[in-house]
Amino acid sequence: MAVTKIHPIKSTLKKALDYIENPDKTDEKLFVSSYGCSYETADIEFQMLLDQAYQKGNNLAHHLIQSFAPGEATPELAHEIGLALAKKLWGEKYQVLVATHLDRENHLHNHFVVNSVSFLDGKRYHRTNQDYRDMRMVSDRLCKEYQLSVVRQPEQGKGKNYVEGQ
């Protein structure tokens, strides 16, 4: 079962990138990949696009997390699913880093940092509630494809949130 979260990055892009690429958490960066940029120079490449953006905004990037149920996926499978999610949602239009963290016993999770400016058209990524629903839907579909459990949707009228619906 993959659980997803999204957080804006407003001022510490380099710190966020350094955190998700941490060699201690990613098996010496074995589980770090990217689309539209090189992870080694992502901070510079992200900033170049941000500097050229048509619209200026508060968010430099978006930090997203996809966590898997304990013991359900291997590091290789978690990273493969993360790459598929990133490619489907952002890889054709935005620079994105994908890092699978292995540092917590039986708690594999993917981190994504998505530039808030498109390399395709220079427009800003304005995250909406629909974007979050799309991320959950694609993540759930990928988990089903790889025969992993999926978080059940809350029953209508019960008032449970997404995580409580498990």
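Visitor: Let's start with Arg141: how does it count in terms of exposure, and at what relative accessibility?
Guide: Happy to begin there. Buried means under 20% relative accessible area and exposed over 50%, with partly exposed in between (1.4 Å probe, protein chains only). Arg141 counts as partly exposed, and its relative accessibility is 35%.

Visitor: What kind of model is this, and how are residues numbered?
Guide: It is a predicted model, where local features need pLDDT of at least 70 and side-chain atom pairs count only at pLDDT 80 or more, while totals for chains, interfaces and linings use all residues. Side-chain values use heavy atoms, with hydrogens and water left out, and residues are numbered along each chain as its sequence is written, from 1.

Visitor: Which residue forms a salt bridge with Arg141?
Guide: A salt bridge here is a side-chain nitrogen of Lys or Arg within 4 Å of a carboxyl oxygen of Asp or Glu. In this one the closest N and O atoms are 2.6 Å apart. Both partners lie in helix 4, four residues apart, about one turn of the helix; helices (H or I, at least four residues) and strands (E, at least two) are DSSP runs, numbered from the N terminus. The partner of Arg141 is Glu145.

Visitor: How many residues apart in sequence are the parts that Asp103 and Lys25 tie together?
Guide: Their side chains meet in a salt bridge of 2.9 Å, N to O. Asp103 is partly exposed at 34%, whereas Lys25 counts as buried at 17%. Asp103 sits in the loop between strand 4 (94-101) and strand 5, and Lys25 in the loop between helix 1 (13-20) and strand 2 (32-35), so the parts tied together are 78 residues apart.

Visitor: And which residue pairs with Lys93 in a salt bridge?
Guide: The closest N and O atoms of this pair are 3.5 Å apart. Lys93 is partly exposed at 30%, and its partner is partly exposed too, at 25%. That partner is Asp121.

Visitor: How many residues of strand 3 are buried?
Guide: Strand 3 covers residues 61-67. On one side Ala61, His63, Ile65 and Ser67 are buried, and on the other His62, Leu64 and Gln66 are buried as well. The count is seven of seven.

Visitor: Which residue of strand 5 stands opposite Ser67?
Guide: Two strands pair if DSSP finds at least two bridges between them. Strand 3 and strand 5 (residues 109-118) run antiparallel and are joined by seven bridges. Opposite Ser67 stands His109.
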